[in-house]
Amino acid sequence: MVGTKSQWLTLSFTLALASLSASTAISVYLWRRKSKSISNGEADKKIQELEASLNGALEKCAAERQGRIRAQKDLREALSRRNLEKVESTSYPMAPIGVVHSCFSTRNGTPRQPLLVPLAKASLIFDPARVPQASLEGLEGYSHCWIIYVFHLNTDLEKLWKHPSQSKFKAKVRVPRLKGERIGVFATRSPHRPCPIGLTVAKVEAVHGNTVLLSGVDLVDGTPILDIKPYLPYCDNIQGATVPDWVKVDDVLAIASVNFSEGFSSSLAACWLLVEKKSLYASPDEFQSLIRQVLSWDIRSVSQRSRPHQPAVETEAGGRDEASENGGELVTSLTNDVVYHLILEGLDVSYRINSNANVVVEKVTLASHTQDSSKTTT
């Protein structure tokens with residue numbers, strides 16, 4: 001607003017000065033012509049008076065301009081001091097402009113990073129009241145786009161509304177690739193951050209009206225979107241970028257094989273009749289390929305991998321204890337043989353994993369509820 005006022009005042013000053021200069025110049029010109037019919041002495045005297053008047057007006061305008069510049073500088077400094085003194089009360093005009101409808105019904109199973117699951121589809125629907133359809137014109141010319149979003153399912157969001165001294169914000173988080181060791185939150189992509197804002201990249205499949213179809217996403221269904229920007233290879237692809245050694249270790253989360261039981265296909269076919277109209281996928285076979293890609297990475301939490309046979313226990317209040325909440329997967333135990341559950345598009349995919357990291361997908365049923373979990377870190 002300060003910049004806008006400054007531009008308006010500058011324009012007004014310029015116009016006034018131009019008008020004054022033109023008016024005085026015309027007066028001088030007219031008096032010069034009139035001077036031909038009157039004495040030279042009277043003409044020279046009048047011209048001197050007009051020139052003096054012009055110089056006085058110019059000096060007055062210059063003084064006013066200097067005063068305005070000083071006032072604007074003082075205002076900027078005052079605003080800057082106020083913001084530095086009260087950073088916690090500063091707010092900006094930001095609100096979600098759209099929402100993602102994703103194949104991932106819960107945080108559990110949502111990839112830890114983008115593009116790890118190429119078949120992970122989503123539709124990003126913009127609010128037409130905030131984003132005119134014309135805003136998306138030209139986006140279809142890019143293969144990928146950056147997406148800025150909110151970690152809206154964080155379990156500790158309420159703490160961030162408190163004063164920093166009372167928020168109990170954790171400076172270090174457990175990292176799956178470090179087998180649960182803690183590291184500074186800003187050295188990870190943990191969703192649990194002072195400002196719960198995420199950054200991801202996705203493939204742009206198509207743009208229809210106010211909807212963008214995406215693939216390779218790592219976004220849970222219902223994620224609020226703050227902004228999108230086109231991916232630019234010439235500046236976004238950083239040649240020679242380096243990362244710590246622990247980030248390069250892929251075998252920690254690698255799965256040896258993903259297989260399907262004999263009864264899997266029939267269970268999927270039965271469920272598909274109920275969900276195909278709303279599904280992002282064209283066929284049961286494509287949906288099965290999605291399951292294979294998702295489970296090609298160990299989506300269990302650190303605690304689940306360290307205690308793979310800890311069953312889910314129902315509490316007296318009807319809730320679930322930490323054993324069932326770790327990593328957020330729904331876990332059941334049959335004679336110490338753990339069955340894990342992955343929820344995709346409202347379908348409950350049950351599977352087992354042995355000590356050699358071999359996965360067997362047993363069946364698909366309609367999800368009776370949508371138990372959620374924390375999206376794990378880098």
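How many salt bridges does the structure hold by the rule used here? The count comes to six, where a salt bridge is a side-chain nitrogen of Lys or Arg within 4 Å of a carboxyl oxygen of Asp or Glu.

Before we look around, a word on the basis. This is a predicted model, in which local features need pLDDT of at least 70 and side-chain atom pairs count only at pLDDT 80 or more, while totals for chains, interfaces and linings use all residues. Residues are numbered from 1 along each chain as its sequence is written, and side-chain values use heavy atoms, with hydrogens and water left out.

## The barrel

Let us start with the strands. Helices (H or I, at least four residues) and strands (E, at least two) are DSSP runs, numbered from the N terminus. Two strands pair if DSSP finds at least two bridges between them. Six strands close into a barrel with antiparallel pairing, in the order β1-β2-β7-β6-β3-β8. On average, neighbouring strands of this sheet are turned by 45° against each other, direction ignored; the axes behind this angle are lines fitted to C-alpha atoms, for helices over the stretch in contact, and angles run from 0 to 180 degrees between N-to-C directions.

Strand β1 (residues 98-102) is a good place to zoom in. In a regular strand the side chains alternate between the two faces of the sheet. Here Gly98, Val100 and Ser102 point to one face and are buried, whereas Val99 and His101 point to the other and are not. Buried means under 20% relative accessible area, exposed over 50%, and partly exposed in between (1.4 Å probe, protein chains only).

On one side, β1 runs antiparallel to strand β8 (residues 224-230), joined by two bridges. Strand β2 (residues 121-126) also pairs with β1 in the antiparallel sense, over five bridges. Gly98 takes part in both pairings: its bridge partner is Ile225 in β8 and Phe126 in β2. From β2 the path goes on to strand β7 (residues 211-215), again antiparallel and over five bridges. Within that pairing, Lys121 has Ser215 as its bridge partner in β7.

## Salt bridges

Three of the salt bridges are set out here, among them one that involves Lys121.

| Pair | N to O distance |
|---|---|
| Glu286 and Lys121 | 2.9 Å |
| Asp227 and Lys229 | 2.8 Å |
| Lys248 and Asp245 | 3.6 Å |

The Glu286 and Lys121 pair links distant parts of the chain, 165 residues apart: Glu286 lies in helix α5 (residues 284-294) and Lys121 in strand β2. Glu286 counts as buried because its relative accessibility is 19%, while Lys121, at 21%, counts as partly exposed. Asp227 and Lys229 are partly exposed, with relative accessibilities of 25% and 42%. Lys248 and Asp245 are both exposed.

## Cysteines and a nonpolar patch

If you are planning around cysteines, note that the structure holds zero disulfides, a disulfide being a pair of cysteine sulfur atoms within 2.5 Å. Cys103 counts as buried because its relative accessibility is 0%, whereas Cys235 is partly exposed at 40%.

Finally, Leu273, Leu274 and Leu366 form a nonpolar patch on the surface, with about 340 Å² of accessible area together. Patches are made of residues with over 30% relative accessible area and no salt bridge; like charges are joined within 9 Å, nonpolar side chains (Val, Leu, Ile, Met, Phe, Trp, Tyr) within 5 Å. The areas come from the Shrake-Rupley method with a 1.4 Å probe, and for residues only the protein chains shown count as cover. Leu274 is found in helix α4 (residues 264-275), and it counts as exposed because its relative accessible area is 61%.
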